[in-house]
Amino acid sequence: MVNADRCMQLLDVPEEQQIGTTAIRPQWPEEGLVEFKGVSLRYRPNTDVVLHRLSFRVEAGQKIGVVGRTGAGKSTICLCLSRIIEIFEGNIQIDGVDI
């Protein structure tokens, strides 16, 4: 019954926000410019903010490294870039499209 209960819980998972870029620009992303503008994120609505108004720009073709101590937010940046976790403030743009 535990397995059936887990399957039923999946029905209550909220749907992620749609960005609808492929209908407008089927070849998106064209270059790869990534911009974080004032991004704030928390893992759940009732937890503390883990990214506070993060802003940076990565030019197309540029290689970067993200360094920091344990718990600094390195993996969290990747999670919000891939939209595994939704941000609650600011925006992330890839080639000018707000994801």
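A disulfide is a pair of cysteine sulfur atoms within 2.5 Å. By that cut-off, this predicted model holds zero disulfides. Cys78 and Cys80 show the point: the sulfur of Cys80 is 8.2 Å from the closest cysteine sulfur, in Cys78, which is too far for a bond. The two cysteines also lead into the rest of the structure. Cys80 is among the residues with the most contacts inside the largest nonpolar core, whereas Cys78 sits on the face of H2 turned away from the buried side.

**Cysteines**

- Cys78 is in no disulfide. Its nearest cysteine sulfur belongs to Cys80, 8.2 Å away.
- Cys78 counts as exposed, because its relative accessibility is 52% and the exposed class starts over 50%.
- Cys80 counts as buried, with a relative accessibility of 3%.

**Helix H2**

- H2 spans residues 74–81, and its buried residues are Thr76, Ile77 and Cys80. These cover an arc of only 105° around the axis, so they lie on the same side of H2.
- A general rule applies here: an α-helix has 3.6 residues a turn, so residues three or four places apart point the same way.
- Ser75 and Cys78 are exposed, on the face of H2 turned away from its buried side.
- The buried residues of H2 pack against three strands: S1, S2 and S3 (89–94).
- Arg83 follows H2 and has a positive phi, near 65°.

**Nonpolar core**

- In soluble globular proteins, nonpolar side chains tend to be buried together.
- The largest nonpolar core here has 14 residues. Phe36, Cys80 and Ile92 have the most contacts inside it.
- S1, S2, H2 and S3 each supply at least two residues of this core. S1 gives the largest share, four residues.
- Leaving aside residues up to four places away in sequence, Ile92 touches Glu35, Phe36, Val39, Cys80, Leu81, Ile87, Val97, Asp98 and Ile99. That list includes Phe36 and Cys80, which join Ile92 as the residues with the most contacts in the core.
- Glu35 is also on the Ile92 list, and Glu35 takes part in a salt-bridge network as well.

**Salt bridges**

- Side chains of opposite charge can pair when their charged atoms come close.
- The count comes to three salt bridges.
- Arg57 pairs with Glu35, with the closest N and O atoms 3.1 Å apart. This pair links distant parts of the chain: Arg57 is in strand S2 (residues 51–58), Glu35 is in strand S1 (residues 34–41), and 22 residues separate them.
- Arg57 also pairs with Glu59, where the closest N and O atoms are 2.6 Å apart. Glu35, Arg57 and Glu59 are thus linked in a network.
- What is the burial of each member of this network? Glu35 is buried, at 13% relative accessibility. Arg57 is partly exposed, at 46%. Glu59 is partly exposed too, with a relative accessible area of 37%.
- Arg83 and Glu86 meet in a salt bridge, at 3.7 Å from N to O.
- Arg83 is buried, because its relative accessible area is 14% and the buried class lies under 20%. Glu86 is partly exposed, at 33%.

Key: Residues are numbered from 1 along each chain as its sequence is written. This is a predicted model: local features need pLDDT of at least 70, side-chain atom pairs count only at pLDDT 80 or more; totals for chains, interfaces and linings use all residues. Side-chain values use heavy atoms; hydrogens and water are left out. A salt bridge is a side-chain nitrogen of Lys or Arg within 4 Å of a carboxyl oxygen of Asp or Glu. Buried means under 20% relative accessible area, exposed over 50%, partly exposed in between (1.4 Å probe, protein chains only). The arc is that of the directions from the helix axis to the C-beta atoms. Contact means heavy atoms within 4.5 Å. A nonpolar core is a set of buried Ala, Val, Leu, Ile, Met, Phe, Trp, Tyr and Cys residues joined through side-chain atoms within 4.5 Å.
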